[in-house]
Amino acid sequence: MRMTKNEPTPNELNILLGDHLFTVWQEVCSQVEGKYDMEKLWNTGGKKWDYEYKYRRGGKTLCALYAKDHSIGFMVIFGKAEREKFEAEQENYSPAILKVYEESVTYRDGKWMMFALTDLSLMGELLKLLRIKRRPNKK
């Protein structure tokens, strides 16, 4: 992991998120890192978030986690081909995933989907979305 001045200590992140969401954050990271060998980058979270934690490889972002006061965001961006793959199999996703997909804005560089995480109930489906972007590179 590349260190930056924007990287919070685990204790700072726990205080920011609260115990429950800190546990959710750790499990999301564990699930992603269990399937993908990626570069991990901390950054400021822009105007809406305190921190961004991005998973990248070869200059392409797989996903990013965002943290602010008692909130976690999980961002996945789908390009045109990825949207077509998702739409071909969208009946395999829950209403919660479909709602975020439908309500997300599509920009020139892709559809930016932000999932607000309060627990791990969407984790299996989020990993399915990541597989659309990139096949896992860990066994």
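**Close-up 1. His70 in the loop between β3 and β4.** His70 is found in the loop that lies between β3 and β4, in a model that is predicted. The phi angle of His70 is near 55°, which is a positive value in a residue other than glycine. As a point of comparison, most residues other than glycine have a negative phi. His70 is partly exposed, with a relative accessible area of 47%.

**Close-up 2. Helix α2 and its buried side.** Helix α2 runs over residues 19–35 and contains 17 residues. At 1.5 Å a residue these should span 24 Å, and the C-alpha atoms at the two ends of the helix are 25 Å apart, which agrees with that expectation. The buried residues of α2 are Leu21, Phe22, Val24, Trp25, Val28, Cys29 and Val32. Because these buried residues cover an arc of only 160° around the axis, they are on the same side of α2. The face of α2 that is turned away from this buried side carries the exposed residues Asp19 and His20. Thr23 is also found in helix α2, and with 48% relative accessibility Thr23 counts as partly exposed. Thr23 and Asp119 are 96 residues apart in sequence, while their C-alpha atoms are 9.0 Å apart in space.

**Close-up 3. Helix α1 and its two sides.** In helix α1, the residues Leu13, Leu16 and Leu17 are buried. When one looks down the axis of α1, its buried residues fall within an arc of 85°, so they line one face of the helix. On the other side of α1, Asn11 and Ile15 are exposed.

**Close-up 4. The largest nonpolar core.** The largest nonpolar core of the model has 39 residues, and those with the most contacts inside it are Leu13, Trp25, Val32, Phe74, Phe115 and Leu130. The elements that give two or more residues to this core are the helices α1 (10–17), α2, α4 and α5 (123–133), together with the strands β2 (51–57), β3 (60–68), β4 (71–78) and β6 (110–117). The largest share of this core comes from α2, which gives seven residues. Two of the residues named for their contacts also appear in the views of the helices, since Leu13 is among the buried residues of α1 and Trp25 is among the buried residues of α2.

**Close-up 5. Salt bridges that involve helix α3.** Side chains of opposite charge can pair when their charged atoms come close, and a search of the whole structure finds five salt bridges. In one of them, Glu84 pairs with Lys80, with the closest N and O atoms 2.8 Å apart. Glu84 and Lys80 are four residues apart in helix α3 (residues 80–88), which means that about one helical turn separates them. Glu84 is partly exposed, with a relative accessible area of 45%, whereas Lys80 is exposed, with a relative accessible area of 56%. In another salt bridge, the side chains of Lys133 and Glu82 meet at 3.7 Å, N to O. This pair links distant parts of the chain, with Lys133 in helix α5 and Glu82 in helix α3, 51 residues apart. Lys133 counts as partly exposed at 22% relative accessibility, whereas Glu82 is buried, with a relative accessible area of 17%.

**Close-up 6. A salt bridge within helix α4.** Lys99 forms a salt bridge with Glu103, and the closest N and O atoms of the two residues are 2.9 Å apart. Because Lys99 and Glu103 are four residues apart in helix α4, they are separated by about one helical turn. Glu103 counts as exposed, at 56% relative accessibility.

**Close-up 7. A nonpolar patch on the surface.** Val105, Tyr107 and Trp112 form a nonpolar patch on the surface, and together they have about 300 Å² of accessible area. Within this patch, Val105 has its place in the loop between α4 (95–103) and β5 (106–107). Val105 is partly exposed, with a relative accessible area of 44%.

**Close-up 8. Pro136 in the segment after α5.** Pro136 lies in the segment that comes after helix α5, and it is partly exposed, with a relative accessible area of 31%. Pro136 and Asp69 are 67 residues apart in sequence, and their C-alpha atoms are 31 Å apart in space.

Notes. Residues numbered from 1 in each chain as written. Predicted model: local features only at pLDDT ≥ 70, side-chain atom pairs only at ≥ 80, totals over all residues. Heavy atoms only, no water. Patch = residues over 30% accessible without salt bridge, like charges linked within 9 Å, V, L, I, M, F, W, Y side chains within 5 Å. Areas by Shrake-Rupley, 256 points an atom, 1.4 Å probe, with all protein chains shown as cover. Salt bridge = Lys/Arg side-chain N within 4 Å of Asp/Glu carboxyl O. Buried < 20%, exposed > 50% of the residue type's maximum accessible area, 1.4 Å probe, protein only. Expected span 1.5 Å × (residues − 1). Arc of directions from axis to C-beta. Core = buried A, V, L, I, M, F, W, Y, C linked by side-chain atoms within 4.5 Å.
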